[in-house]
Amino acid sequence: MRSDDLPLSRAVVDRAAVERDEPDVLGRLRADVSTRVLLVGGGAVLAADHALALLTVDDAIAYADGVDEERWLLLGRDDERAYLALRVAAPTLAPTVGAASDVAVHSPVHSPVGRAPRQEVPEGTRWATLRTAGGALDARDAGLATAAVALDAWHERHPRCPRCGAATKVTAAGWTRVCAQDGSEHYPRTDPAVIMAVVGADDRLLLSHSAAWAPGRYSTSAGFVEAGESLEHAVRREVLEETGVLVGDVSYRASQPWPFPASLMVGFRAHALTTDVTVDGTEVTQARWFTRAELADAVGAGEIVPPGSTSIARALIEEWFGGPLPAAPDVTW
């Protein structure tokens, strides 16, 4: 498995980092009729059928009712054009009373609540999250959408300086913020997380069920890397904490940006030294070993719901399985 096989890890657009500090780079690119603009907001992007809805600059400005330099981002360019993102107030999903947290948090964006856009989206387009649209996007669109969502989330959450609390100004075409008080520069954060297919000596795969998930959902083990910790140690620690299984050899497989809101998922194959399972009961409530035949039967019967096709978790599982899971529903995670 290669990183480029994962929908949200592919990229064919040059991020054009050398242009970010050029004088009035955003104004120059907005004046170029070939430039296209992606609308992003609230963890969602404007999409059409199996593609992003990339607008002309004039259409994007009309939608946003003006130009605010703080809301424009330079995503990059390819051989044909430059790509910008415009941060707007997108519709958000109202909380679902009584629903499992994964449903409430990760369902598609479809209902305008709170800050609504100034006008209806263009005909034939819709707001879509990366979880719902990512698997259908090609390499260019997946890369553009992932960068736009990640940057939008960072700007939304970090309007002030973490050193002194003063307001910060957007610079470098949306890729940095500078404190107006002390001049310090701040950059988009990325939180590394490990995710691993734990395989036993008998070639069975360990899958677990999180306490926050709907019944039947199982996935690979995962967790954030702690301060001062190596990736390999994080793999062994997380598996032991969640399932009580000891891990020996750890091998890197692939990575995937996961901007929900700012993670980088680093995927591994982890070789188990023990097979006794003792879940922590807090983060993980169930964990099971599966042969390939057992997993195929459980998925086919609807007993087990695997991760969605856009996730590195699904890729790790299917690498071990040897191909696509039979009759596996493509759920939103």
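In what follows, a helix is a DSSP run of type H or I with at least four residues, and helices are numbered from the N terminus. The model is predicted.

**Exercise 1.** Find which residues of helix 7 are buried, and state how they are arranged around the axis.

Solution. Step 1: helix 7 spans residues 292-300. Step 2: apply the cut-off, by which buried means under 20% relative accessible area and exposed means over 50%. Leu295, Ala296, Ala298 and Val299 are buried. Step 3: these four residues lie on the same side of helix 7, because the arc they cover around the axis is only 165°. Step 4: look at the face turned away from this buried side; Asp297 and Gly300 are exposed there.

**Exercise 2.** Name elements that cover the buried residues of helix 7, then describe the backbone just after the helix.

Solution. Step 1: the cover includes two strands, strand 11 (205-210) and strand 15 (284-290), as well as helix 8 (312-321). Step 2: move just past the end of helix 7 to Gly302, whose phi is positive, at about 80°.

**Exercise 3.** Explain why strand 4 is described as largely enclosed, and describe how it pairs with strand 5.

Solution. Step 1: strand 4 covers residues 72-77, and 5 of its 6 residues are buried, so the rest of the structure largely encloses it. Step 2: strand 5 covers residues 82-87 and pairs with strand 4 in the antiparallel sense, over 5 bridges. Step 3: one bridge links Arg77 to Ala82 in strand 5. Step 4: the connection between strand 4 and strand 5 is a hairpin of 4 residues.

**Exercise 4.** State how many helices and strands the protein has, and what share of its residues is buried.

Solution. Step 1: the protein has 8 helices and 15 strands. Step 2: 49% of its 333 residues count as buried.

Methods:
Residues numbered from 1 in each chain as written. Predicted model: local features only at pLDDT ≥ 70, side-chain atom pairs only at ≥ 80, totals over all residues. Heavy atoms only, no water. Buried < 20%, exposed > 50% of the residue type's maximum accessible area, 1.4 Å probe, protein only. Pairing = 2+ DSSP bridges. Arc of directions from axis to C-beta. Contact = heavy atoms within 4.5 Å.
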